[in-house]
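Me: I am in my first year and would like a close look at a single part of this structure, namely one pair of packed helices and what surrounds them. Could you take me through that part slowly, in connected prose?

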Amino acid sequence: MILAVGVILQPRYVLGDTLEVFALFKNRLSDISLNFTVYSELFDSSDSVNTLNNFHSFVFGNYQKCLVDVLYLEIAKLFDPKGNKDKNLSFLYLISLTNSDSKPELEADFEELKILFTSSNLKAYRNKLLAHNDLKAIQGIRAVKPEVTTETLEELLKRAWTLFGKIEFTLGITEKAYQTSPYIQLPTGTGIDEFITKLKNRT
């Protein structure tokens, strides 16, 4: 289920503008989890992949590439700097909204999460091939290949949700720090299993 703006607990002491920022970030993170869920269920199952190939391999192959690029791009944005005059909706910006006593621990948690992000090489891939047409990268002279598996993305999203929940709790938006699955529960009738079954019946 995709979360809507404003669907969060009433805060204890957070201003309205800050609440909107957190709702927007939560929507972004939920969208990433939704795309990850769709990707995992569509392309991590041999039965599903065979069905997609039999139905239209070119179309679904192209969709797979687009979905991967969107996932990589949106995840990379979470690790952007907070920005100066023009702010970025990123973890560092959220952490900057917390009080000075909380910042060191949250910054340490972010740096730990960033280690996993850095090892994936997603930042270079985003900067050189998704956001720009870096000539050497396109020519293959500069290596920017992502070091990513489904398991890596799952762990990255799991930790991202944990950090987000901790920041919300620190600001008093929630009553306790929470952990959220990196997967989204798709509504009945819109699941990937139903979709694959419909495709099978048409081939």
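Reply: What follows begins with the chain as a whole, turns to the pair of helices, and then visits some residues around them.

The model is a predicted one, and its chain holds 8 helices and 0 strands, so that reading from the N terminus the order of elements is simply α-α-α-α-α-α-α-α. Along the principal axes, the C-alpha atoms of the chain fill a box of roughly 60 × 45 × 25 Å. Of the 203 residues, 41% count as buried, and the chain exposes about 11800 Å², of which carbon and sulfur atoms supply 53%. If we take the contacts in the chain with a separation of 6 or more, 70% of them are between residues 24 or more positions apart.

The pair to look at closely is helix α4, residues 103-120, together with helix α7, residues 150-171. Two packed helices are described by the angle between their axes and the distance between those axes. Here the axes of α4 and α7 come within 10 Å and cross at roughly 170°. Angles over 145 degrees count as roughly antiparallel, and α4 and α7 are therefore roughly antiparallel to each other. On the side of α4, the contact is made by E105, L106, D109, F110, E112, L113, L116 and F117, while α7 contributes T152, E155, L156, R159, A160, L163, K166, I167 and T170.

Moving along the chain from α7, we find T174 in the loop between α7 and α8, the latter covering residues 192-202. T174 has a relative accessibility of 9% and therefore counts as buried, since the cut-off for that word is under 20%. The C-alpha atoms of T174 and L106 are 16 Å apart in space, although 68 residues separate the two in sequence, and L106 is one of the α4 residues that make the contact with α7.

On the other side of the story, N121 sits in the loop between α4 and α5. Most residues other than glycine have a negative phi, whereas phi of N121 is near 65°, a positive value in a residue other than glycine. At 24% relative accessibility, N121 counts as partly exposed.

Helix α5, residues 122-130, holds R126, which has 12% relative accessibility and so counts as buried. If we leave aside its neighbours within four places in sequence, R126 is in contact with L73, A76, K77, D80, A131 and H132. Helix α2 spans residues 46-77, and D69 is found in that helix. With a relative accessible area of 14%, D69 is buried, and, again leaving aside its neighbours within four places in sequence, D69 is in contact with Y125 and L130. The C-alpha atoms of D69 and I32 are separated by 12 Å, the two residues being 37 apart along the chain.

For a contrast in space, consider E20, whose place is in helix α1, residues 16-43. E20 and F58 are 38 residues apart in sequence, and their C-alpha atoms are 41 Å apart in space. At 45% relative accessibility, E20 counts as partly exposed.

Conventions. Residues numbered from 1 in each chain as written. Predicted model: local features only at pLDDT ≥ 70, side-chain atom pairs only at ≥ 80, totals over all residues. Heavy atoms only, no water. Helix = DSSP H or I, 4+ residues; strand = E, 2+ residues; numbered from the N terminus. Buried < 20%, exposed > 50% of the residue type's maximum accessible area, 1.4 Å probe, protein only. Contact = heavy atoms within 4.5 Å. Areas by Shrake-Rupley, 256 points an atom, 1.4 Å probe, with all protein chains shown as cover. Axes fitted to C-alpha atoms, helices over the stretch in contact; angles between N-to-C directions. Parallel < 35°, antiparallel > 145°, perpendicular 65-115°, else oblique.
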